[in-house]
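Student: Could you take one side-chain contact in this model, look at it closely, and then place it in the wider architecture of the chain? I would like a connected account rather than a list.

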Amino acid sequence: MFTQAMMRAATGETPADLVLKNAVVLNVFTKELIRADVAICQDIIVGLGEYEGVQELDLTGKFIVPGFIDAHLHIESSMLLPEQFGAEIAPWGTTTVLADPHEIANVAGLDGIRFLMQNAKKASCNFLFMLPSCVPATGFDDSGARLNAQNLLTLKTDPQVLGLGEMMNYQGVLDCDAEVMEKLIQFSDRVIDGHAPGIKGKRLQGYLLAGIHTDHECSEEEEVVEKLRSGMAILAREGSAAKNLEAVVKAALNHHLDFDRIAFCTDDRHVEDIRREGHMNVHIRKAIQLGVDPITAYCCATWNPARIYGLSATGAVAPGYFADLVILNSLFEVEIDSVFYHGKKVARTSPIPSAVPEQLGDTVHTQPLSLGLFRLPCKAGKYPVIELIPHQINTKLRFEELPHENGAFIADSIYQKIAVLERHRGLSVSGIGVVKGFSLQGAIASTVAHDSHNLIVIGSSDEEMLLAAQILIQQKGGYAAVQGKNVLAQVPLPVCGLMSDQTADFVQEKTAQFIRAARQIGIPEGFDPFQTLSFLSLPVIPEVRITNRGIFDSQSFSYLPFQPQPENTEPQPNNADSTLS
């Protein structure tokens, strides 16, 4: 809200608090670059033109663009609490993030969401939230919490809340599942994010009919074009593992489509990548390199997401907008000189970590572990295999002959064992299968296992898998890498088994050690050791996953038995007792 003092500064009667002088300003309304002063009072831009200020900063030769907006992310994937995460991304120009806290919600429900929202108020950028629509993601595995529409309504009116987070249960939408419909109806007056990889044709039309506005899972040109033509906003993602920005950009360029409904997001990005490469600046630079007009590329990270999500005072350099600004030395290279958030220059800081509620620091409770838990019966025949795809979180379902000995699967350089153990209530429900593509000699494990966040482990021997799982229990969650009897790396994440209660420096050191260890034991370049592992248990990502209940075919939404398949016969899914959320 403007004040009389702001009005006097805007009309030039009195000096503004701060004036950024002589820069070239990106005008997102007219898609122009205009030389002008930018006058700021408190946290608001009051005018563009020729202004005097109590404080003046000469920016001759530099550019001013709006602060960048990450249109969709999960803070938890950074492994940092919001106050720490904000300190990492703000110097890279990101001043607003739209967070979906469904990771912590799947572990701790509303208590976890409220904790993140409260902690985010301390950050050096603006955190807004989309309430998680699918907790759990489906009814096919076991999470630590369940949220219905009435639970979500308790937070809907909070000023930090924008709308309903990604609706991953697309089958529940198309089946008009009662619980899903209630959530969509209760949030029909807000933006609703989508999550519909590969959904097309009439199924897509039905999905959109339900009031869903966005999608960040497009990876094929035809899919991008169809969804844009159908009215969806597409969020082009460049995360630590999943990268579809190039596919989205090329699809729009090849078909001469407007970029007005394309915005950029990271989805999942951890601190190691942020410190090495940056945040939304990465998206802008890559889009420009792919042939997108620079002004259009900047709009995809500023004005476009602001309009998609109805942010009335964010995303432009204009009177009445928040003074969230990025000062650039180079427009084409996205070379950042400095960043202003709400009118104040952002400093690179390491906040002192805040205290974490006790109940959020003790969430890893598995059944008693033993070597026998990891035994996988196997004989001659073709079994279901999860094949990993470099640079993607999607997988391929294969049926292949597997190495075996004495009636049990034996890992080799091609095939390794994968297991998911329920870790919220100590249930004796475990899924075991085979994965292809990692080629590791050792084991890696994590309690970050989307979206139910049970304990997931891949290994070349039962002994190594057992050791990695035991390490996670001891450190109350996180990641671990072992080889033989040696523990090579640990990333303790005691906050719901998802995030650290320490500084970003601590997390960066531990994650760097884990990446080195993962490469040492054979995980090839092209696979992010964190995200590739963590997404293998998410049932809504094609083509095949594994949960604590077994091997899941996400095309048919059914479980596959781990047994030899008859020759020339399609595998028969076993979906007993499986219902959609």
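Tutor: The side chains of Gln150 and Glu182 are joined by a polar contact of 2.9 Å, and, like everything that follows, this is read from a predicted model. The two residues lie 32 apart along the chain, and their C-alpha atoms are separated by 8.9 Å. Gln150 belongs to helix H4, which covers residues 149-156. Once neighbours within four places in sequence are set aside, the residues in contact with Gln150 are Glu182 and Gln186. With a relative accessibility of 44%, Gln150 counts as partly exposed, since that class lies between the 20% limit for buried and the 50% limit for exposed.

The loop that precedes this helix deserves attention as well. Pro136 is found between strand E8 (126-131) and H4, and the peptide bond that joins Val135 to Pro136 is cis, with omega at about 0°. A second cis peptide bond runs from Pro542 to Glu543, with omega near -5°, and Glu543 sits in the loop between helix H16 (529-534) and strand E27. Most peptide bonds are trans, and most residues other than glycine have a negative phi. Against the second part of that background, Met79, which is not a glycine, has a positive phi of about 70°; Met79 lies in the loop between strand E6 and helix H2 (82-89) and is buried, at a relative accessible area of 2%. His342 is also not a glycine and has a positive phi, of about 50°, but His342 is partly exposed at 22%, in the loop between strand E15 (335-341) and strand E16 (344-345).

Strand E6, from which the loop of Met79 departs, spans residues 68-73, and six of its six residues are buried, so the strand is largely enclosed by the rest of the structure. E6 pairs in the parallel sense with strand E7 (residues 94-99) over four bridges, and one of the bridge partnerships is that of Phe68 with Thr94 in E7.

Further along the chain, eight strands form an open sheet of mixed pairing, in the order E18-E17-E22-E21-E24-E23-E25-E26. Its edges are taken by strand E18 (395-401) and strand E26 (486-492), each of which has a single partner strand, so one side of each is left without a neighbour in the sheet. Ignoring direction, neighbouring strands here are turned by 25° against each other on average. Within this sheet, strand E23 (residues 443-446) and strand E25 (residues 478-483) run antiparallel and are joined by four bridges, with Tyr479 in E25 as the bridge partner of Ser446. Two helices lie across parts of the sheet. Helix H14 (residues 462-474) lies across strand E21 (415-421), E23, strand E24 (455-459), E25 and E26, and runs at about 145° to E25, while helix H15 (residues 504-520) lies across E23, E25 and E26, running at about 145° to E26.

The loop that holds Glu543 leads into E27, and E27 opens the order E27-E28-E29 of an open, three-stranded sheet with antiparallel pairing. Strand E27 (544-547) and strand E29 (558-560) stand at the edges with a single partner strand each, so one side of each lacks a neighbour in the sheet. Here the neighbouring strands are turned by 40° against each other on average, direction ignored. Strand E28 (residues 550-553) pairs with E29 in the antiparallel sense over three bridges, and Phe552 has Tyr559 in E29 as its bridge partner.

These parts belong to a chain with 16 helices and 29 strands. Its radius of gyration is 24 Å, close to the 25 Å that the globule rule gives for 581 residues, so the chain is as compact as a globular protein of that length. Along the principal axes, the C-alpha trace spans about 85 × 50 × 45 Å. Buried residues make up 61% of the 581 residues, and the accessible surface comes to about 21,100 Å², with 49% of it belonging to carbon and sulfur atoms. Finally, among contacts between residues at least 6 apart in sequence, 70% join residues at least 24 apart; the pair with which this account began, Gln150 and Glu182, is 32 residues apart along the chain.

Methods:
Residues numbered from 1 in each chain as written. Predicted model: local features only at pLDDT ≥ 70, side-chain atom pairs only at ≥ 80, totals over all residues. Heavy atoms only, no water. Pairing = 2+ DSSP bridges. Axes fitted to C-alpha atoms, helices over the stretch in contact; angles between N-to-C directions. Contact = heavy atoms within 4.5 Å. Rg over C-alpha atoms; globule rule 2.2 N^0.38 Å. Buried < 20%, exposed > 50% of the residue type's maximum accessible area, 1.4 Å probe, protein only. Areas by Shrake-Rupley, 256 points an atom, 1.4 Å probe, with all protein chains shown as cover. Polar contact = N/O pair within 3.5 Å; in protein donor to acceptor, adjacent residues only side chain to side chain.
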